[in-house]
Amino acid sequence: SRDELDRLKIIKRLVDDGGINLAGVQRLLSVAEVVQRMRPLMRDDALSSRDARRLATELDQLVRLLGFD
């Protein structure tokens with residue numbers, strides 16, 4: 001699919017231009033996915049308590065992915 005081709009282009013660029021190994025690429029893509037899920041939550045001026053909990057969960061996952069836990 002188009003999305004898969006775009007993802008492969010990103011992976012190739014990270015490996016070729018960024019010098020990142022495949023394990024690093026996997027971690028970066030996981031971080032990017034978490035950030036993408038967080039973006040809509042961050043745009044709201046007033047977060048509902050449900051969205052605030054969801055945002056906290058996403059931030060916890062981001063911290064774990066980055067190895068800061």
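Colleague: What makes K12 and D16 a salt bridge?

Modeller: A salt bridge is a side-chain nitrogen of Lys or Arg within 4 Å of a carboxyl oxygen of Asp or Glu. The side chains of K12 and D16 meet at 2.4 Å, N to O, so the pair satisfies that rule. Please note that this is a predicted model, in which local features need pLDDT of at least 70, side-chain atom pairs count only at pLDDT 80 or more, and totals for chains, interfaces and linings use all residues. Residues are numbered from 1 along each chain as its sequence is written, and side-chain values use heavy atoms, with hydrogens and water left out.

Colleague: Why is K12 called exposed?

Modeller: Its relative accessible area is 53%, and exposed means over 50%, buried under 20%, and partly exposed in between (1.4 Å probe, protein chains only). D16, at 45%, is therefore partly exposed.

Colleague: How do you know that E58 is buried?

Modeller: E58 has a relative accessible area of 9%, which is under 20%, so the term buried applies. E58 also forms a salt bridge with R37, the closest N and O atoms being 2.9 Å apart. Because E58 lies in helix α3 and R37 in helix α2, the pair ties together parts 21 residues apart in sequence. Helices here are DSSP runs (H or I, at least four residues), numbered from the N terminus.

Colleague: What makes R37 partly exposed?

Modeller: The relative accessible area of R37 is 32%, a value between the two limits, so R37 is partly exposed.

Terms used
Helices (H or I, at least four residues) and strands (E, at least two) are DSSP runs, numbered from the N terminus.
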